[in-house]
Amino acid sequence: MHYKNGAKIKNTFRALREHFGRNNRPNETTIGRLVRKFEATDPMANLPGSGRPRTVRTPEQIAVVKESVRDDPKQSTTRGSQELGISRTSLLRILHKDLNVHAYRIQLAPTIFRAERMDMDDVYFQQDGATCHTTNVNIHRLQSFFGHRVISRRGNVPWTPRSCDLTPLDFFLWGYLKSKVYVNKPATLQELKNNIIAEINAIEPTMLQNVIENFDHRVDVCKSSRGEHLSDIIFHT
C-alpha cells in the first residue's frame with residue numbers, strides 16, 4: 001500500500017483510514033518506522049508466519065529499535081514489540097545489551113510522614129508481616145526514620161504472637177456486628193449487606209462512648225502490664 005501511494009507517508013496514512021478508521025490506524029511515525037524496517041532488512045524475513053516472532057538480534061533490528069526509542073521513549077515494550085514485528089524478548093535484549101536502555105514504570109508512592117516535621121525519638125513504628133512491607137529497601141527506609149524502634153518481621157523489635165487488640169474495630173465492632181447480623185439468618189449476600197448497614201446505623205452514641213472509655217482502660221492496663229495479654233478485659237455494651 002505504501003508504494004502504491006507514491007511511497008509517501010502522508011498518502012499511506014490517509015489510505016489506511018479506509019481499513020482501520022480514523023482513530024485506529026497507526027500514526028505517521030509508526031508507518032515511517034515500519035517502512036524503514038522493511039527497507040533495511042530482507043523483505044522475505046518480514047513475511048508473517050505462524051508461531052512466535054523470531055528472536056534474533058541483527059544490526060538492522062538494533063538500528064530500528066534505537067530509532068523507535070528516540071521517537072517514542074515512553075512506549076511500552078509490549079507495544080514496541082507489536083509495532084516492530086519482533087518478539088518482546090528480543091526487544092528487551094536489544095534495549096539492555098546493545099543500547100544499554102532499561103524499561104521502567106513510573107509509580108507514585110504516597111508520603112506517609114515527613115520526619116523533618118516530627119520528633120521521632122520516642123516514636124515506634126509497627127506493621128504487619130506482608131512481604132511487600134518487609135523487603136530490605138522498606139526495612140532500611142523505616143530504620144532511617146525510627147532507628148531501632150521498628151516493630152515488624154525482620155525489624156528490630158519482633159511483633160509479639162499475642163498482640164493485644166487495642167483498636168475499637170478489633171475488640172468491639174466486628175464481634176458485635178457478627179452477633180447481630182446473623183440473628184435472622186440472611187439467605188443472600190444482599191440480605192447480609194442490608195443487615196450490616198442496619199445494625200451500624202442502629203448503634204447509639206452512648207454505646208460509642210462506652211467503647212472509647214473501654215479503649216482508654218485497655219491502654220492503661222496494657223501500659224501497667226508492660227504489654228502482656230489482656231485476657232481479663234471484657235467489653236460490655
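**Pairs, crossings and confidence**

Biologist: How many aromatic pairs are there, and what makes two rings a pair?

Modeller: In this predicted model, the count comes to two aromatic pairs. Rings of Phe, Tyr and Trp pair if their centres lie within 6.5 Å.

Biologist: How do you know that Arg218 lies over the face of Phe171?

Modeller: Arg218 is at 4.1 Å from the ring centre of Phe171. The cut-off for a charge over a ring is 6 Å, along with a limit of 35 degrees from the ring normal. The distance is within the cut-off, so that part of the test is met.

Biologist: Why is helix α4 called roughly perpendicular to helix α6?

Modeller: Helix α4 (residues 59–71) and helix α6 (residues 88–98) pack at an angle of about 85°, and their axes are 10 Å apart. Angles of 65 to 115 degrees count as roughly perpendicular, so α4 is roughly perpendicular to α6.

Biologist: Which residues make that contact?

Modeller: From α4 come Gln61, Ile62, Val65 and Val69, and from α6 come Leu91, Ile94, Leu95 and Asp98. Sorted by class, six are nonpolar, one is polar and one is charged.

Biologist: What makes α5 roughly perpendicular to α6?

Modeller: The axes of helix α5 (residues 77–84) and α6 cross at roughly 110° and come within 9 Å. That angle falls in the range of 65 to 115 degrees, so α5 too is roughly perpendicular to α6. In α5, Thr77, Thr78, Gly80, Ser81 and Leu84 meet Arg88, Leu91, Leu92 and Leu95 in α6. This contact has four nonpolar, four polar and one charged residues.

Biologist: What is the mean pLDDT of the protein?

Modeller: The mean is 75, and 70% of the residues reach 70 or more. Among the elements, helix α9 (residues 189–201) has the highest mean, 93, and helix α2 (residues 17–20) the lowest, 68. Over residues 106–111 the pLDDT is below 50, and this stretch has zero contacts beyond near neighbours in sequence.

Key:
Residues numbered from 1 in each chain as written. Predicted model: local features only at pLDDT ≥ 70, side-chain atom pairs only at ≥ 80, totals over all residues. Heavy atoms only, no water. pLDDT = per-residue confidence, 0-100. Helix = DSSP H or I, 4+ residues; strand = E, 2+ residues; numbered from the N terminus. Contact = heavy atoms within 4.5 Å. Axes fitted to C-alpha atoms, helices over the stretch in contact; angles between N-to-C directions. Parallel < 35°, antiparallel > 145°, perpendicular 65-115°, else oblique. Nonpolar A, V, L, I, M, F, W, Y, C, P; charged D, E, K, R; others polar. Phe/Tyr/Trp six-rings, centres within 6.5 Å; stacked < 30°, edge-to-face > 60°.
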